[in-house]
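Work through the exercises below with the sequence and the model open. Each task is followed by a solution in steps.

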Amino acid sequence: VEAIIRKQINDIEPFCGIFDDCLAKDFEGEECRPAKCPFKNDVACNFLTGCLDESLQKEYAIALELIKEGDSYPPKPAEKKTEAKHDTTKEAKKKSGWGFA
């Protein structure tokens, strides 16, 4: 049954079929980091392009305490960055998936 489900997922949205492997590999490789939207569904691509909006990225950076309210985003090279409360190193990301220990 799992093989049938995986085939259906790959037929509908091929990127969804490789997403788990890409996540495990920290999105290394061209297949995990395509130059254009990897989804066949235009609505999915439109939704994801919203994440590229700098104002939305800034709100997330403030919420994650990566920058302070009023700081520019992306931070200028000479600008002092606020220390994050969470461990954001690659090692920490590999220890837990999706923010869970």
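**Exercise 1: Backbone outliers**

Asp-26 has a relative accessibility of 31% and therefore counts as partly exposed, the class between buried (under 20% relative accessible area) and exposed (over 50%), taken with a 1.4 Å probe on protein chains only. The model is predicted, so local features need pLDDT of at least 70 and side-chain atom pairs count only at pLDDT 80 or more, while totals for chains, interfaces and linings use all residues. Residues are numbered from 1 along each chain as its sequence is written, and side-chain values use heavy atoms, with hydrogens and water left out.

Task: State where Asp-26 is found and what its phi is, then do likewise for Glu-65.

Solution.
1. Asp-26 is found in the loop between H2 and H3; helices are DSSP runs (H or I, at least four residues) numbered from the N terminus.
2. Phi of Asp-26 is near 60 degrees, a positive value in a residue other than glycine.
3. Most residues other than glycine have a negative phi.
4. Glu-65 also has a positive phi, of about 60 degrees, and is not a glycine.
5. Glu-65 lies in the loop between H4 and helix H5 (90–95), and with a relative accessible area of 31% it is partly exposed.

**Exercise 2: Disulfides**

Task: Which cysteines are joined by the two disulfides, and are Cys-22 and Cys-37 buried or partly exposed?

Solution.
1. A disulfide is taken as a pair of cysteine sulfur atoms within 2.5 Å.
2. Cys-22 is joined to Cys-32, with 2.0 Å from S to S.
3. This link runs from helix H2 to the loop between H2 and H3, its cysteines being ten residues apart.
4. The angle about the S-S bond of Cys-22 and Cys-32 is -85 degrees, and the link is left-handed.
5. Cys-22 counts as buried because its relative accessibility is 1%; Cys-32, at 4%, counts as buried.
6. The other disulfide joins Cys-37 to Cys-45, again with an S to S distance of 2.0 Å, and it is left-handed at -90 degrees.
7. Cys-37 counts as partly exposed because its relative accessibility is 30%, whereas Cys-45, at 12%, counts as buried.
8. With the bonded cysteines numbered in sequence order, the pairing reads 1-2, 3-4.

**Exercise 3: Aromatic rings**

Task: What is the geometry of the pair formed by Phe-15 and Phe-39?

Solution.
1. Rings of Phe, Tyr and Trp (its six-membered ring) pair if their centres lie within 6.5 Å; planes under 30 degrees apart are stacked, those over 60 edge-to-face and the rest tilted.
2. The count by this rule is three aromatic pairs.
3. In one of them, Phe-15 and Phe-39 have ring centres 5.6 Å apart and planes at 90 degrees, which is edge-to-face.
4. Phe-15 sits in helix H2 and Phe-39 in the loop between H2 and H3, 24 residues apart.
5. Phe-15 and Phe-39 are buried.
6. One aromatic cluster is formed by Phe-15, Phe-19, Phe-27 and Phe-39.

Key. Helix = DSSP H or I, 4+ residues; strand = E, 2+ residues; numbered from the N terminus.
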